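Colleague: I am new to this structure and would like to learn how to read it. Could you take me through some of its features, one at a time?

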Amino acid sequence: MVVVDDLHIVYRVYGAGGDRGTAATALLRILGRKTRGSIREVHAIRGMSFVAYKGDAVGVIGRNGSGKSTLLRAIAGLLPPEHGNVYSTGEASLLGVNAALLEDLTGERNVILGCLAMGMTKQEAREKYQSIVDFSGVGEFIDLPMKTYSSGMGSRLRFAIAASKSHDVLLVDEALATGDAEFRVKSHARIEELRHQAGTVFLVAHNLEEVEQTCNRVIWMERGKMVMQGEDVIGIIDRYIAASGGKPVVRDPVTGRRVDDRVPAKT
Amino acid sequence: MTDDRRLSAPGRLSHADDLPEPEAGGDAGVATAMMPAGSLAEFAFEHGLRPSAARPPVLAYLRQLWHRWNFIIAFATARNIAMYTEARLGQLWQVLTPLFNVAVYYLIFGVLLDTSRGIPHFISFLVIGVFVFNFTQRAFISTSKVITESLPLIRALQFPRASLPLAYVMIELQQMFLSMLVLFVIILVVGDPVTWYWLLIIPILLLQTIFNVGVGLLVARLGSQVNDFSQLLPFLLRTWMYLSGVMFSIATLTQVPARAKAILQLNPAALYITLMRNALLLSQRLSFPGTKAGNAVRCARWHHYSPKKDPASVMYDSAYCPATANPAHYWYYAVGWAVLALAVGFFFFWRAEAKYGRG
């Protein structure tokens, strides 16, 4: 369960603007002749409030730069809020698309280390090992360093490691986007399972079909604020597609399923 | 350039209102659905929720850390193996690097600058200094980078972040064990015997490791928050090395006042080095200043020792010189530094626990 209460997140970007980061400007800064004009504040989340309950799978949609990933990082407790707060039960685990665990170690060691880091004992880690490897479908490449993996293989293995434990809150940031069709089916099943174990899942995806299939709630963000949220996943997604100028999805009037598969899923 | 442009700490709240509202039509009715009545903060506390970005209390944190011991060891071992996988000589470099260091220092200090004058078995003396200091130096340089290097791991999984600097110090300890084996061989070849004093290695290494963990935690937080720190650190460490009598004996300094000499001698690096030398080298124990009743004449003779004119036994006359600091207190200081470093370092690191993931 996650409560987000009037959350504001502000990034500070150093070296933005006219300061070109040369030695001379740095020296002027130290001498106090010039204030750090090069700091720019980016107000990434501007006052969001919502509650996600146990068993919810919440899809977060919005354009690039609307603050989706920032929201997830804040829920994971990685970004201290500027104002307001995020409350959650226990531990949140964030799966980002670029988050390799330890690149120069083999997949095998990554599995064991990941399990131990999540607080399993050696015994538990060994017991889970085979199921994680099977789930990830990495197969024979498991004894190669993780930096040699394709992005799809890497994210599959990471998802498999993180999903091997039941988390109170699981945050998935585009991590499934690179997986193949078979893996997507498996990961959806695993997310369902986590929901039934009273976990809360957040899913950021540009693939709206994926959100439709996986989530029971959806949050639509724009410029760090919430535009809409609710359980009418299909309705909100259709309005989002309309607002961003996409081609409307043809749906079966009864089931709400997409009728025409040729409509591109990505907007 | 690119380093300059990274995202950093969220700062002060501003421009909250000067950005336009989302242009897409908001629907207040939908947006407030599923919201409980009353304050969200109270609602959260009623359901036993905690702020995500809060650090656990000290004792709970220590308990979590204890539960991650397996992770710390496995992480250290894995890193240790991975570190040299790309080098053709592999883990042999763990031994070769300090040996090359010794060779360079021997050439410069022992031969060219003549700091070996008056020190019996100078090679053993030098190798111990280099290896012991190397342990601390490597520990600090690696822990200063540990948070940045492990950012993906930190972002993906929840675990007490102090595990990481702790693991990095364990890596260096494993390397130190290897160095010690080389050290034993060198000492025996140069000519000091094995004695029961060698057992003192265990408490010395333990204390030095505790000290390294403490300062390592401190350095890890500094390195993660102040970009310039890792640039500065090598210079700090080099200054420290030259002040700590790694390649010369602090007792031989003649132009330094006695008080300053005592301070140099009691700084943690010099202290652990000296304890190690006295434990491993009989020649050091016999020639250690202050171990014999003061004798100004014999002390002066040692200060002016010349390998060409004097018999080698004069090298041991440094024992008649006054002690730089009371040797009986060395162990107290060694324990004191370790405990102080651990307490300060741990507290300092723990205070920022919630912030390491933002990068």
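Modeller: Start with one helix. This is a predicted model, and in it helix α2 of chain A, residues 68–75, is mostly covered, with seven of its eight residues buried.

Colleague: Which residues of α2(A) are buried?

Modeller: They are K68(A), T70(A), L71(A), L72(A), R73(A), A74(A) and I75(A). After α2(A) comes G77(A), which has a positive phi near 85°.

Colleague: What is I75(A) in contact with, leaving aside its neighbours within four places in sequence?

Modeller: In chain A the list is V2(A), V86(A), S88(A), A92(A), V169(A), L171(A) and F202(A), and from chain B there is S52(B). I75(A) also belongs to the largest nonpolar core, which has 157 residues. Along with L171(A), L203(A) and V218(A), I75(A) is among those with the most contacts inside that core.

Colleague: Which helix gives the largest share of this core?

Modeller: Helix α6 of chain B, residues 122–149, which supplies 14 residues.

Colleague: How many helices and strands does chain A have?

Modeller: Eight helices and nine strands. Of its 267 residues, 49% count as buried. Taking contacts in chain A between residues at least 6 apart in sequence, 68% join residues at least 24 apart.

Colleague: How do I read a single buried residue?

Modeller: Count what surrounds it. A residue is buried if 20 or more other C-beta atoms lie within 10 Å of its own, and exposed if 12 or fewer do. L170(A) lies in strand β6 of chain A, residues 169–173. It is buried because 26 other C-beta atoms are within 10 Å. Not counting residues up to four places away in sequence, L170(A) touches S93(A), L194(A), G199(A) and V201(A). The C-alpha atoms of L170(A) and I191(A) are 8.8 Å apart, with their positions 21 residues apart along the chain.

Colleague: And S313(B), is that buried or exposed?

Modeller: S313(B) counts as exposed because it has 8 C-beta neighbours inside 10 Å. It sits in the loop between α14 (296–303) and α15 of chain B. Its C-alpha atom is separated by 9.7 Å from that of G118(B), although the two residues are 195 apart along the chain.

Colleague: How should I read two helices that pack together?

Modeller: Begin with the helix itself: there are 3.6 residues a turn, so residues three or four places apart point the same way. Then look at distance and angle. The axes of helix α3 of chain A (residues 107–117) and helix α4 of chain B (residues 69–83) come within 8 Å and cross at roughly 155°. Angles over 145 degrees count as roughly antiparallel, so α3(A) is roughly antiparallel to α4(B).

Colleague: Which residues make the contact?

Modeller: From α3(A) they are R109(A), I112(A), L113(A), L116(A) and A117(A), and from α4(B) they are N70(B), F71(B), A74(B), F75(B) and A78(B). By class, that is eight nonpolar, one polar and one charged.

Colleague: Is there a case to set beside it?

Modeller: Helices α12 (residues 268–280) and α15 (residues 330–351) of chain B pack at about 130°, with their axes 10 Å apart. That angle makes α12(B) oblique to α15(B), and the crossing is left-handed. P268(B), L271(B), Y272(B), T274(B) and L275(B) of α12(B) meet Y330(B), Y333(B), A334(B) and W337(B) of α15(B). These residues divide into eight nonpolar, one polar and no charged.

Notes: Residues numbered from 1 in each chain as written. Chains lettered and ligands numbered in written order. Predicted model: local features only at pLDDT ≥ 70, side-chain atom pairs only at ≥ 80, totals over all residues. Core = buried A, V, L, I, M, F, W, Y, C linked by C-beta atoms within 7 Å. Helix = DSSP H or I, 4+ residues; strand = E, 2+ residues; numbered from the N terminus. Contact = placed C-beta atoms within 7 Å. Axes fitted to C-alpha atoms, helices over the stretch in contact; angles between N-to-C directions. Parallel < 35°, antiparallel > 145°, perpendicular 65-115°, else oblique. Nonpolar A, V, L, I, M, F, W, Y, C, P; charged D, E, K, R; others polar. Left-handed = near helix turned anticlockwise from the far one by under 90°.
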